[in-house]
Structures are given as C-alpha cells and as structure tokens.
Amino acid sequence: MYPLLFSLLLKRLDPERAHHLGFALIRLVARVPGLRSLVAALLAPSRSQRRALATEALGLRMRGPFGLAAGFDKNAVGIDGLTMLGFDHVEIGTVTAHAQSGNPTPRLFRLVADRALVNRMGFNNEGSAAVAARLAKRRAVFPATVGVNIGKTKVTPESEAADDYATSARRLAPHADYLVVNVSSPNTPGLRNLQATEHLRPLLTAVRSAADAAVPDRRVPLLVKIAPDLADEDVDAVADLAVELGLDGIIATNTTIARDGLGLTTDRAEIEAVGAGGLSGAPLKERSLEVLRRLYARVGDRVTLIGVGGVRTADDVWERVLAGATLVQGYSAFVYEGPLWCRRVHRGLAARLAASPYATLAEAVGADTRKVTSR
Ligand SMILES: Cc1cc2nc3c(=O)[nH]c(=O)nc-3n(C[C@H](O)[C@H](O)[C@H](O)COP(=O)(O)O)c2cc1C
C-alpha cells in the first residue's frame, strides 16, 4: 500500500512538502483517542516480542532499541504520533539557542534509485526557549523516551559556540531523557570543526555543567553526534575524549558530504544539480557501520553507542547491535518504508534474536566486533 502511495503521490510532491503532509497526518491521527490507541496496538510488537526487545540504555528503560533519528521532529511537535508508530525513542531537534529559518528552499532532495536523501535544511527550528516551553507543557499520551539534540545557531561565531550550546542545554535538559551535542551537521558553516578535540573538550564540559546546574537532582545523559567523514584517527580521538570526560554516549553517524565511493546509481548530472548538503540513507550504510565498529573496538561498553546511517531492515539493526550499538536509529528509510516500518523492524529483530546464540539484545551488543578484535 505505502509503496504505491509513495510512487503515485508522495514521490511527485516536493520532498519537504511531503514531509510536512505526512507528519501532519501522523499528528492528526495521534489526536483522536480511539484511533491512536488502535493504530498503536496494531503496530506494537507482540507481548513476547516486547519482552525480547526491552532495552536498558543510558540509565533509561526503553521499549526497544529502535528510535527515530534527529531532524524529523525538529520542534518536538509530534512525539506522541511518532511513538504511536512504534519508535522506541524519538530524538527531537536539532534545536539551536535562537530561532532560525534555515537555508532557502529547495533544501531537501530524494535520490530515489539509491534510497537516499540529500538535505541542506540548515537547522530550521523555533529555538530552544520555544521548544523547552512546548516540552514543559506536553502531556504525554504514550510513554516515550525523548532525546534532545542541540546545535549552534548559525549567526553565533565559533568562538561563542560553547555559550550557545550551554544556553540550549540549560533550557532543554529538564525535559530531556538524554541530551545530544550535534557537531556534525554539514549545513552550518564551521560546525564540524567543533569535532576537533581542542574545541570539543571545552564545549562538552560547558554543556555538562549547564545541564547539571539546570537539573541538579538527575544526571541527564550527554552524548555527542559525529560525522561519517571524520578521518579514522579523529574518530579515535573523539572516542578517547568521550572516555576521558565520562560522556554517556556517541551517536554515529550524521549525514555525509561525500558523493564518491558510495556506489550511487543516480545520474551524475542529477546529483550535481541537487548540489551541497548531507547525504543519508542506504549509500551511507557501510561508512556508518565502519565508524561504529571502530568506536566499539575503542570504547567497548564504557560509552553507549547509538548506530545510525543507512539502516532500513531488521537485519541492518541487528548488524549494528552486533557491531556495538545498544540503540539504533533511522530517518531516511522512514520516507521510503512508510508507517509500518517499525513494526517490520521489531518483528524481524525479535526473530533474529531468537535465532541467535544470545539470550538478550544486551548480550549481543558488540559481539561481532569483539570476535574480530580478540583474534
Ligand atoms: C532531512 C534531514 C534532516 C536532518 N536533520 C538533522 C538534524 O537536525 N540534526 C541531526 O543531528 N541530524 C539530522 N539529520 C541526520 C539524521 O539524524 C541521521 O543521522 C542521518 O540521516 C543518517 O541516518 P539515515 O541514513 O537513517 O537517514 C537529518 C537527516 C535528514 C534526512
């Protein structure tokens, strides 16, 4: 049904319009009491699958390991609807200290033949004060795990980045199950320079202090999200820094600025016409997985890893778990797979686990990477 809807209608719409339309529909359904419970029940895993998938990560109990990556719900307007569809956690944002409109449109493109997207949204969002107010007022319909992803306001100079992030952290930490410092989007000039440890160390320290000051009675888990385009030594440096600072987690990865070496089948001219931006979806899979493996080999279970980038099937999720991810996220495949995506992933994942030598998902985390590194 969804593939038909996609090829007959959605594919013909401008991608950003299609996003707004689809998201509005999800939110609408989530506002109708009987209907939302029905949809949630239809999409939820069975009781035995739920038992198998239940996950503990970052000191939080979650329904399962599979969440929606940042960027879909930038302003935290649809957490219930997304939870209704089966996402085990929803990462909202990226939110910046000041509201901003992002880059001029068009800024979101589909490479359908490659099951990929290219975006140069540029952190369009209502700003951390407005998003914090919305989260404070929120009455959750479905119990949800909410991650909050923060980034730098475009007009804030790099030298004042730490203050900008700390402002958002102070406002948003009270409403966050976990907090993510995003230093890896390619669409804010200079942002990715903040991944260098000499910038990242003071930045993460400032955000940690701001979160602790804002929420004295709870240690809000703090994570950093990195780019797939980092050189291997830089991935190692971030891993070492995470251990040094006692960071709770690393999210690997954001979108890539690469176009070569990804095996893209889309016409070269079409790719060039799309222009700059971060590429996500299937072609990102190999590099994201490689970064994840590298991180796990370095940090083991000292830092929680979230695997993201090119994840589509239950097998992809399972592969990330075996590589070292305690949690796994996706975004682009949601566009191509539609509303039954989580249901398919959950069923397949529970089956994978049942057929494996591992009793729990937690036991499977990193099993493949451990085999390789202990050889
Ligand atoms: C349209 C779009 C917007 C995104 N916006 C953000 C964002 O605001 N912050 C962020 O950390 N990642 C953002 N991402 C990156 C995703 O969270 C994810 O890391 C990336 O798309 C790779 O996963 P995927 O291949 O499953 O899409 C965005 C991705 C897309 C496609």
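This report walks through the ligand surroundings, two annotated residues, a central strand and the nonpolar core of the structure above. Please keep in mind that the model is predicted.

**Around the ligand**

A good place to start is the ligand, which is surrounded by 28 residues. The closest of them are Ala 69, Gly 71, Thr 94, Ser 280 and Ser 332. Sorted by class, this shell holds eleven nonpolar, 15 polar and two charged residues. Several elements contribute at least two shell residues each: strand E4 (89-95), strand E6 (116-119), strand E11 (278-281) and helix H13 (332-337).

**Two residues from the UniProt record**

The unreviewed UniProt entry lists a number of positions under "binding site", among them Lys 74, Arg 120, Asn 182 and Asn 254. Let us look at Lys 74 and Arg 120.

Lys 74 sits in the loop between strand E3 (66-68) and helix H5 (79-84). Is Lys 74 buried or exposed? Lys 74 counts as buried because 20 other C-beta atoms lie within 10 Å, and 20 or more is what the term requires. Arg 120, found in the loop between E6 and helix H6 (128-137), is buried as well, with 22 C-beta neighbours inside 10 Å.

The table sets out their contacts, leaving aside residues up to four places away in sequence.

| Residue | C-beta neighbours | Contacts |
|---|---|---|
| Lys 74 | 20 within 10 Å | Ile 92, Gly 93, Thr 94, Asn 124, Asn 125 |
| Arg 120 | 22 inside 10 Å | Asn 103, Arg 107, Asn 187, Ala 276, Gly 277 |

One of the contacts of Arg 120 is Asn 187, which the UniProt entry also lists under "binding site". Among the contacts of Lys 74 is Thr 94, one of the residues closest to the ligand.

**An enclosed strand**

Now to strand E7 (residues 146-150). Five of its five residues are buried, so E7 is largely enclosed by the rest of the structure. In a regular strand, side chains alternate between the two faces of the sheet. In E7, Val 146, Val 148 and Ile 150 are buried on one side, and Gly 147 and Asn 149 on the other.

Which strands pair with E7? E4 does so in the parallel sense over four bridges, and strand E8 (residues 178-182) is likewise parallel to E7 over four bridges. Val 148 is the bridge partner of Ile 92 and also of Leu 179 in E8.

**The nonpolar core**

Leu 179 appears again in the largest nonpolar core, which has 108 residues. Those with the most contacts inside this core include Leu 179, Ala 169, Leu 172 and Ile 250. Beyond its neighbours within four places in sequence, Ile 250 contacts residues including Leu 223, Val 238, Leu 295 and Leu 305.

Conventions: Residues are numbered from 1 along each chain as its sequence is written. This is a predicted model: local features need pLDDT of at least 70, side-chain atom pairs count only at pLDDT 80 or more; totals for chains, interfaces and linings use all residues. A residue is near a molecule or strand if its C-beta atom, placed from the backbone, lies within 6 Å of it. Ala, Val, Leu, Ile, Met, Phe, Trp, Tyr, Cys and Pro count as nonpolar, Asp, Glu, Lys and Arg as charged, and the others, Gly among them, as polar. A nonpolar core is a set of buried Ala, Val, Leu, Ile, Met, Phe, Trp, Tyr and Cys residues joined through C-beta atoms within 7 Å. A residue is buried if 20 or more other C-beta atoms lie within 10 Å of its own, exposed if 12 or fewer, and partly exposed in between; C-beta atoms are placed from the backbone. Two residues are in contact if their C-beta atoms, placed from the backbone, lie within 7 Å. UniProt positions are given in the numbering used here, feature names are shortened, and annotations may be inferred rather than shown by experiment. Two strands pair if DSSP finds at least two bridges between them.
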